[in-house]
Amino acid sequence: MKIADNHVVTLNYTLTDNDGEVIDQAQDGSFVYLHGAENIIPGLEKELTDKAVGDKFKVKVSPEEGYGPRDDTRVEDVPREMFPEDQDIEPGMVFHAEGPNGESITVTVMEVSDQSVKIDSNHALAGIELNFDVEVMAIRDAESVELEHGHVHGPDGHHH
Ligand code: ZN
């Protein structure tokens, strides 16, 4: 069986930056996703197509096929009162917010003054080349309900 759209794929992977620092890796050596449903970044999904169980490969993914280039307009000053008054806001803090299209975005605090907070809502991996070291662990056909939902169900997948 080779990886194609509508397959549920289990991977082991390690993601490093260009300095060899580990950014992310599969939890307990298994990450499960639905192929062809944009569950993962395009540069990695493309490379996985036609791979079989036991295949190992390395791929370097550009920001354009990863989390996008950095966008300086996503660094902006917002009024201090947008944050809870009783909460200390400090540089480096990370908040989760909802983006313009309802997507979940991460906002990092850059600077804080009495009136305003400088935030950066670029993805933490925007503008970074991503080096994946991947092994294909398992492949199966997706259940019809998984295709309907666009994500994997079951032990390692989505729980409702
Ligand atoms: Zn579901």
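How many residues lie between strand 1 and strand 2 in their hairpin?

**Figure 1. The hairpin of strand 1 and strand 2 in the predicted model.** Five residues lie between the two strands of this hairpin. In the turn, Gly-20 has a positive phi of about 85°. Strand 1 covers residues 7–16 and strand 2 covers residues 22–25, and the two pair in the antiparallel sense over three bridges. Leu-15 has Asp-24 in strand 2 as its bridge partner.

**Figure 2. The protein chain and its two domains.** Domain 1 is made of residues 7–67 and 127–149, while domain 2 takes in residues 72–120. Their C-alpha centres are 30 Å apart. The chain contains two helices and nine strands, which follow one another in the pattern β-β-β-α-β-β-β-β-β-β-α. The C-alpha trace spans about 60 × 40 × 25 Å along its principal axes. Of the 160 residues, 34% count as buried. Among contacts between residues at least 6 apart in sequence, 60% join residues at least 24 apart.

**Figure 3. The open sheet of four strands.** The strands stand in the order 5-8-7-6 and pair in the antiparallel sense. Strand 5 (75–79) and strand 6 (94–98) each have a single partner strand, so each is left with one side that has no neighbour in the sheet. From one strand to the next, the twist averages 40°. Strand 6 is joined to strand 7 (residues 104–112) by five bridges. Ala-97 stands opposite Ile-105, a residue of strand 7.

**Figure 4. Glu-45 in helix 1.** Helix 1 runs over residues 42–48 and includes Glu-45. This residue is buried but has no salt bridge. The nearest side chain of opposite charge belongs to Lys-46 and is 11 Å away. With neighbours within four places in sequence left aside, Glu-45 is in contact with Tyr-33, Leu-34, His-35, Gly-36, Ala-37, Glu-38 and Ile-40.

**Figure 5. Phe-57 and its contacts.** Phe-57 belongs to strand 4 (residues 56–61). Is Phe-57 buried or exposed? Its relative accessible area is 11%, so Phe-57 counts as buried. Leaving aside neighbours within four places in sequence, its contacts are Leu-44, Glu-47, Leu-48, Lys-51, Phe-132, Asp-133 and Val-134. Phe-57 and Asp-133 are 76 residues apart along the chain, yet 6.0 Å separates their C-alpha atoms.

**Figure 6. The salt bridge between Asp-133 and Lys-58.** The closest N and O atoms of this pair are 3.4 Å apart. Asp-133 lies in strand 9 (residues 130–141) and Lys-58 in strand 4, so the salt bridge ties together parts that are 75 residues apart in sequence. Lys-58 is exposed, at 65% relative accessibility, whereas Asp-133 is partly exposed, at 36%.

**Figure 7. Two further salt bridges, Asp-120 with Arg-70 and Glu-146 with Arg-140.** The model has five salt bridges by count, including these. Between Asp-120 and Arg-70 the N to O distance is 3.0 Å. Asp-120 is in strand 8 (residues 116–120) and Arg-70 is in the loop between strand 4 and strand 5, so this pair ties together parts 50 residues apart in sequence. Asp-120 is buried, with a relative accessible area of 8%, and Arg-70 is partly exposed, with 43%. In the pair of Glu-146 and Arg-140, the closest N and O atoms are 3.0 Å apart. Glu-146 is buried, with a relative accessible area of 1%, while Arg-140 is partly exposed, at 32%.

Note on methods
Residues are numbered from 1 along each chain as its sequence is written. This is a predicted model: local features need pLDDT of at least 70, side-chain atom pairs count only at pLDDT 80 or more; totals for chains, interfaces and linings use all residues. Side-chain values use heavy atoms; hydrogens and water are left out. Domain bounds come from an automatic or database domain assignment. Buried means under 20% relative accessible area, exposed over 50%, partly exposed in between (1.4 Å probe, protein chains only). Lys and Arg count as positive and Asp and Glu as negative; His and the chain ends are not counted. A salt bridge is a side-chain nitrogen of Lys or Arg within 4 Å of a carboxyl oxygen of Asp or Glu. Contact means heavy atoms within 4.5 Å. Two strands pair if DSSP finds at least two bridges between them. Axes are lines fitted to C-alpha atoms, for helices over the stretch in contact, and angles run from 0 to 180 degrees between N-to-C directions.
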